[in-house]
Amino acid sequence: MKLRALLIIGGTLLAGTLTAQTLTDVINEFNTGVEKVNNQEYEVSIEHFNQVINMAATVGDEANDMKASAEKQIPAAYYRQATVFMKRKQYDNAIPYLEKTVEFATLYNNNEDISKKASGYLPQLYVMEGNRSWKNESLDEAIAYFDKALGLNPNIYQAYQGKAMVYLDQDESDLMLESFAKAKEGAAAKGDSKTINAVNEAIDSYFNKFIVEEMANVDPEDNDYSYVVEACENALAANPDNPRALYHLAIVSNKDGDNEKAIEYAEKALASETEPVWISAINFELGSAFQSASDYTKACEALKKVTEEPFLTRAEQKMGTVCN
């Protein structure tokens, strides 16, 4: 019986403590939060401002102004903590604080400017983290980050580029091409040729391996290049300027005796190719096509541009005939 009485008395004392809070207590708690902000202890300050809100609910209407002030400080403190992490380039740590900035600014209907800044940073950081996840082979996580970026900013074409790279690794060619197309469209609108070139290189790399495989599988006795042609056409449908696809079509055209097509493909390939060995390979096919067409002057000009082995030796042999 005595134990029960003690428990009741204890409960009464606790309730009295909770209801004894005054406006002064709320103000003191708020000032402690401000002190923590000034000391750059932003996470701790948020705890104090949340306590202000809880205490104000107990104190009543006279604490409403302090409650509103605390609500205004909370999104700002989250944003300040986010900027600390961004300055340290700890972007994965910054993201949740930027998200909280937007969440609580929206909840409390304040800090519109800070919320806009946080919303502006988030898509960029989502793309960065998406790329990091992709490189770490966390492909589902990468897609989630890219989708978050696009949810906030549908025009952030780098997110489409990132998604396409994930789909490339997953061999999802349709989704890859769809995302790459959106990335190129966005990059073109911004005059971003660097991204367009990077996208085309990725597309070409994906399709070129199929071209090389089909070329290696051609039976030397049958000389059936139809699968090579199909692989080249698929590559060119994705990027009409793919130099390796155009080069292989020049080879096939030369073998089929279609000199005009061989010349057309080779000249177009040269307009996009940048690697010396491939430039030599293309010029060899171009020179061979001109030789078959009996245009020895142009054949000689093309063959003289062959500077890399294994094409140089073969070009020199031909030059002995066409350059005299």
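## A tour of aromatic contacts and a disulfide

Begin by selecting Y78, F85, Y97, F104 and Y108, which together form one aromatic cluster. Keep in mind throughout the tour that what is on the screen is a predicted model.

With the cluster in view, turn to the aromatic pairs, of which the count comes to nine. One of them is made by Y126 and Y145, whose rings lie 6.2 Å apart centre to centre with 35° between the planes, an arrangement that is classed as tilted. To see what this contact connects, colour helix α6 (residues 112-135), which holds Y126, and helix α7 (residues 139-152), which holds Y145; the pair therefore ties together parts that are 19 residues apart in sequence. If you then switch on a surface, Y126 counts as buried at 5% relative accessibility, and Y145, at 18%, counts as buried because the cut-off lies at 20%.

Next, select Y206 and F207, which form an aromatic pair with an edge-to-face geometry, the ring centres being 5.1 Å apart and the planes standing at 90° to each other. For this pair, too, it is worth looking at the accessibility of each partner: Y206 has a relative accessible area of 7% and is buried, while F207 is buried with a relative accessible area of 10%.

Now leave the aromatic rings and display the cysteine side chains, where the count comes to one disulfide. Select C300 and C323 to find this bond, which joins the two residues with an S to S distance of 2.0 Å. Where do C300 and C323 lie along the chain? C300 belongs to helix α15 (residues 296-304), whereas C323 is found in the segment after α16 (311-322), so the disulfide ties together parts that are 23 residues apart in sequence. Rotate the view until you look along the bond between the sulfur atoms: the torsion about the S-S bond of C300 and C323 is about 115°, and the disulfide is therefore right-handed.

Is each end of the disulfide, C300 and C323, buried or partly exposed? C300 has a relative accessible area of 9% and is buried, whereas C323 reaches 29% relative accessibility and counts as partly exposed, because that class begins where the buried one ends, at 20%.

As a last stop, select another cysteine, C232, which has a relative accessibility of 0% and so counts as buried.

Definitions and conventions
Residues numbered from 1 in each chain as written. Predicted model: local features only at pLDDT ≥ 70, side-chain atom pairs only at ≥ 80, totals over all residues. Heavy atoms only, no water. Disulfide = S-S within 2.5 Å. Helix = DSSP H or I, 4+ residues; strand = E, 2+ residues; numbered from the N terminus. Buried < 20%, exposed > 50% of the residue type's maximum accessible area, 1.4 Å probe, protein only. Phe/Tyr/Trp six-rings, centres within 6.5 Å; stacked < 30°, edge-to-face > 60°.
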